[in-house]
Amino acid sequence: MSVIPLHKRSRTEELSRKPLQKGQQTKAAIVDAALGLATQIGLEGLSIGALAEVMQMSKSGVFAHFGSREELQISVVREYHTRFEDEVFYPAMNAPRGLPRLRMLFDNWMKRTSVEIDSGCIYISGAVEFDDRPGPVRDALASSVNTWLSAMRRAVELAVAEGHLRADTDAAQMAFEVHALILALHYEARFLRSPDSLRRATQAFESILSRYSQTDLPPSAAARATRRRKGPLAAA
């Protein structure tokens, strides 16, 4: 199973041009409810029966739209991927190529992550559930994550090409480090409830940029926003 590349037009844009038929509207509503459930109980916790109860539909009515629990789970992964790229990737494409775009990708990622500290991330919870379980659901999750990481690597490569990062920058390594700090943020914020996790994540990103950059850089928008943010996850 393949996931639509991040450089393609988003599904949100396509749907805004073509109204959904009744059957499609019902399926979209079911997937939306399923995604909400999955963020709370995980993909593995999803069932046709539980979803039918939430939607106030019959089990056969829900089943008719998917055919199996596995297809339901895959539909949730696809929907999560679509929302992720609509919130994180596509807005960043309006920024100039190079470091401005890379910064915006990270800033958008951090905005989404700050929300998911409370709601949960399907990419992360799904990886825990399906890391050692081969099959279509695992393939869908891995494809989605790899698509996003490829976009991050490409953004790093463009920053190198624009002369914003050192010519010897290892794009795969830099993308790995940025991904690693996001994973650490989720662990520290959701599990350990560390109050300064957002500050540490933005500080870590600045450290990564500093190591790979050609010149001294001003702080990113995420770093500035974190210093202003108040609440349980703000800087201590």
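**Entry 1. The second largest pocket**

I began with the lining of the second largest pocket, which by class has 14 nonpolar, 4 polar and 3 charged residues. I note at the outset that the model is a predicted one. I then looked up the volume of the second largest pocket and found about 390 Å³ of space. The lining is made up of 21 residues, and those closest to the centre of the pocket are Tyr123, Ile124, Ala127, Val145 and His179. I asked which elements give two or more residues to this lining. They are helix 6 (99–119), helix 7 (122–130), helix 8 (136–161) and helix 9 (171–191). Helix 8 gives the most, with 6 residues.

**Entry 2. The overall fold**

I next recorded the make-up of the chain. I counted 11 helices and 0 strands, so that the pattern along the sequence reads α-α-α-α-α-α-α-α-α-α-α. The protein chain has 236 residues, of which 43% count as buried.

**Entry 3. Helix 6 and its end**

I checked the length of helix 6 against expectation. Its 21 residues should span 30 Å at 1.5 Å a residue, and the C-alpha atoms at its ends are 30 Å apart, which agrees. I also looked at what follows the helix: just after helix 6, Gly120 takes a positive phi of about 100 degrees.

**Entry 4. Aromatic pairs**

I turned to the aromatic rings. A pair of such rings is described by the distance of the centres and the angle of the planes. I found 8 aromatic pairs in the structure. In one of them, the ring centres of Tyr80 and Phe84 are 6.4 Å apart and the planes lie at 35 degrees; the pair is therefore tilted, being neither under 30 degrees nor over 60.

I asked where Tyr80 and Phe84 lie. Both belong to helix 5 (residues 69–92), and they are 4 residues apart, about one turn of the helix. An α-helix has 3.6 residues a turn, so residues three or four places apart point the same way.

I then asked whether Tyr80 is buried or exposed. Tyr80 counts as buried because its relative accessibility is 2%, under the 20% cut-off. Phe84 is likewise buried, with a relative accessible area of 3%.

Phe84 also pairs with Trp148: the ring centres are 5.0 Å apart and the planes are at 75 degrees, so I recorded this pair as edge-to-face. This pair links distant parts of the chain, since Phe84 is in helix 5 and Trp148 is in helix 8, 64 residues apart. Trp148 is buried, at a relative accessible area of 2%.

I noted further that ring pairs link Tyr80, Phe84, Trp109, Tyr123 and Trp148 into a cluster. Tyr123 had already appeared in Entry 1, among the residues closest to the centre of the second largest pocket. I also looked for a charge over a ring of this cluster, and found that Arg112 lies over the face of Tyr80, at 4.7 Å from the ring centre.

**Entry 5. Phe89**

Last, I returned to helix 5, where Phe89 lies. Phe89 counts as buried, at 7% relative accessibility. I asked how far apart Phe89 and Asn108 are in sequence and in space. They are 19 residues apart in sequence, while their C-alpha atoms are 7.8 Å apart in space.

Technical notes:
Residues numbered from 1 in each chain as written. Predicted model: local features only at pLDDT ≥ 70, side-chain atom pairs only at ≥ 80, totals over all residues. Heavy atoms only, no water. 1 Å grid on protein atoms, 1.4 Å probe; cavity = no way out; pocket = protein on both sides within 12 Å on 5 of 7 lines; lining within 4 Å. Points joined across faces, edges and corners; volume = space filled by probe spheres on them. Nonpolar A, V, L, I, M, F, W, Y, C, P; charged D, E, K, R; others polar. Expected span 1.5 Å × (residues − 1). Phe/Tyr/Trp six-rings, centres within 6.5 Å; stacked < 30°, edge-to-face > 60°. Buried < 20%, exposed > 50% of the residue type's maximum accessible area, 1.4 Å probe, protein only. Lys NZ or Arg CZ within 6 Å of the ring centre and 35° of its normal.
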